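Reader: I have a sequence and a structure to study, and I would like to go through them slowly. Could you show them to me before I ask about the details?

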Amino acid sequence: MENALLVGLSRQMALQREMEVVANNIANIDTNGFKADFSLFQEYLMPGARDGSFRVADSPVSFVRDRGTLIDLNQGPLQRTGNPLDVAINGDGFLVINTPQGERYTRNGSLEINAQGELVTSEGYQVLGDGGPIAFQAQDTGITINPEGTVSVKDGANATIAIIRGQLRVVSFAQPQRLQKEGDSTFSAPADMPAAPSTTSRVVQGALEKSNVRPIIEMSHMIEVSRSYATIANLLQSQGDLHKSALQQLSDVPTS
Amino acid sequence: MLALYTAASGMAAQELAVQVISNNIANLSTTGYKRQRAEFQDLLYDHVRQVGTQSSNQGNILPVGIELGLGVKTVGTPRLMTQGNLSSTSNSLDLAVQGDGFFKILMPDGSFGYTRDGSFNLDATGRVVTANGNVVQPGITIPPTATSITINQQGHVSVTIPGSTTPTVLGQINLTRFINEAGLQAIGDNLLVETPASGPPQDGIPMENGYGNIQQGNLEQSNVDAVVEMTNLITAQRSYEMNSKVITATDQMLQTNNNMHT
């Protein structure tokens with residue numbers, strides 16, 4: 001008898017989670033290299049009434065369960081900034097960064113140089129090249145990063161010579177859906193999915209990849225969530241009313 | 001519901017973005033000003049269902065997990081050290097740096113400040129000082145009788161003394177570079193100071209070893225681009241609005257809960 005209430009409740013709980021996903025997407029609408037999340041739902045079947053005396057098969061009750069969140073790995077729009085230390089990746093690649101927890105991957109290419117001259121992220125994590133961190137010397141000027149990720153500079157003493165300071169490691173994954181978001185614009189990969197050099201990605205200097213959250217989609221999603229929530233509440237309400245009237249009518253049975 | 005706090009973090013971030021943008025626009029015509037931008041990153045995630053865990057005894061692996069993000073944070077407001085346009089003033093003590101390097105300024109407390117604002121003047125004793133009266137390093141004193149101050153691209157300051165046919169070189173203005181210019185700290189008055197993030201200052205001679213050159217009679221304008229700032233302002237304002245809508249929607253969901261009295 002309580003199944004209708006519980007089914008409705010399962011939907012409401014799933015909707016709350018979905019709202020949290022939408023809220024996080026909208027909060028990160030201006031985060032460089034952010035990839036939006038989507039919620040996936042699944043029907044969870046539970047056998048209903050069980051009685052051998054039923055003449056037809058019993059019908060199972062289906063609950064809603066949120067099965068997972070999917071990362072939308074589509075390319076975000078590129079914004080030109082003109083800053084030589086901004087890089088965007090055109091394609092499915094990720095930059096490799098060295099964090100205290102190990103190697104992590106990011107699409108947020110707003111880079112800086114630290115006091116040691118190394119190329120780092122805004123959090124101060126080293127950006128790794130093919131031969132470890134990429135370091136600049138004090139007299140370097142005119143940092144250029146080509147589409148293959150090679151970082152070259154002009155030596156201050158002899159501006160006609162270009163010196164290569166390393167090549168950015170741009171990697172891709174066989175199953176990018178298995179990447180896990182770690183916050184700080186970083187992703188981690190499971191141990192059994194090694195990062196392979198990306199051949200199709202191109203590095204764009206002087207541009208940033210903006211968040212790929214699509215505001216209209218998120219807003220419509222949000223309206224859908226809050227309206228469905230109210231609809232389920234109405235359903236629960238009428239189910240409750242049904243119980244109430246059933247109890248009242250049963251208690252009205254004459255006691256003769 | 002966590003969505004309330006997630007959206008609140010989004011509103012706080014956009015508010016900060018508007019503050020950074022407003023400071024850029026306010027300094028649209030500040031000599032030597034370098035624009036800043038707000039950098040955001042996603043906050044930590046609540047991994048409700050871990051991706052890649054085993055979902056059955058047959059070794060099936062969950063292809064996706066449930067990750068609930070908890071919002072956004074501001075990670076920094078880096079200064080973009082791109083070259084500003086030069087505007088000609090034909091004032092002999094207006095200097096602009098084209099390329100890398102800062103003018104070094106002696107502060108009243110004995111420490112050094114660094115600036116790209118080269119609108120210099122002479123003080124009562126003939127020293128080259130900033131608009132605030134702090135001495136430009138290395139100190140150069142112009143004799144009171146001197147006429148026609150010339151500063152070449154390498155920073156040599158030469159003047160003509162009456163009675164002499166050849167110009168006298170009084171000194172050379174140096175420039176200072178940092179390995180991480182974005183790591184300098186702004187202290188107002190167009191001055192930046194050294195921090196552990198910027199690395200130690202490296203003094204050098206203009207036009208040598210990657211130092212920029214000095215342009216007399218020019219000032220470096222702010223590198224703020226009004227169109228870019230206005231676009232960013234619109235984006236920030238709309239994002240702020242959208243986050244507030246999330247709060248409204250979440251509030252309505254909670255209200256729905258409260259209205260249920262079965």
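**Overall form of the two chains**

Author: A compact globule of 262 residues would have a radius of gyration near 18 Å, whereas chain B has 27 Å; this radius is taken over C-alpha atoms, and the globule rule is 2.2 Å times the number of residues to the power 0.38. This is a predicted model, in which local features need pLDDT of at least 70 and side-chain atom pairs count only at pLDDT 80 or more, while totals for chains, interfaces and linings use all residues. Residues are numbered from 1 along each chain as its sequence is written, and chains are lettered from A and ligands numbered from 1 in the order in which they are written.

Reader: What box do the C-alpha atoms of chain B fill along the principal axes?

Author: The radius of gyration of chain B, 27 Å, goes with a globule value near 18 Å for 262 residues. Taken along the principal axes, the box filled by the C-alpha atoms of chain B is roughly 105 × 45 × 35 Å.

Reader: How many helices and strands does chain B have?

Author: Helices (H or I, at least four residues) and strands (E, at least two) are DSSP runs, numbered from the N terminus. Counted in this way, chain B has two helices and 20 strands.

Reader: Along strand E7 of chain B, which side chains point to one face and are buried?

Author: A residue is buried if 20 or more other C-beta atoms, placed from the backbone, lie within 10 Å of its own, exposed if 12 or fewer, and partly exposed in between. The side chains of E7(B), residues 103-106, alternate, and Lys104(B) and Leu106(B) point to the face where they are not buried. The buried ones, pointing to the other face, are Phe103(B) and Ile105(B).

Reader: In strand E8 of chain B, which residue is the bridge partner of Lys104(B)?

Author: Two strands pair if DSSP finds at least two bridges between them, and E7(B) pairs with E8(B), residues 112-115, in the antiparallel sense over four bridges. Their hairpin has five residues between the strands, and there Gly110(B) takes a positive phi near 95°. The bridge partner of Lys104(B) in E8(B) is Tyr114(B).

Reader: In the open sheet with the order E9-E6-E19 in chain B, which strands stand at the edges?

Author: This open sheet has three strands with antiparallel pairing. Strands 118-119 and 213-216 of chain B each have a single partner strand, so one side of each is left without a neighbour in the sheet, and these edge strands are E9 and E19.

Reader: Which residue of E19(B) is the bridge partner of Val97(B)?

Author: Strand E6 of chain B, residues 94-98, runs antiparallel to E19(B) and is joined to this strand by four bridges. The partner of Val97(B) in E19(B) is Ile214(B).

Reader: How many residues does the largest nonpolar core have?

Author: A nonpolar core is a set of buried Ala, Val, Leu, Ile, Met, Phe, Trp, Tyr and Cys residues joined through C-beta atoms within 7 Å. Among the residues with the most contacts inside the largest core are Leu95(A) and Tyr114(B). The number of residues in this core is 53.

Reader: How many residues of chain A and of chain B does the contact take?

Author: Two residues are in contact if their C-beta atoms, placed from the backbone, lie within 7 Å. By this rule the contact takes 57 residues from chain A and 60 residues from chain B.
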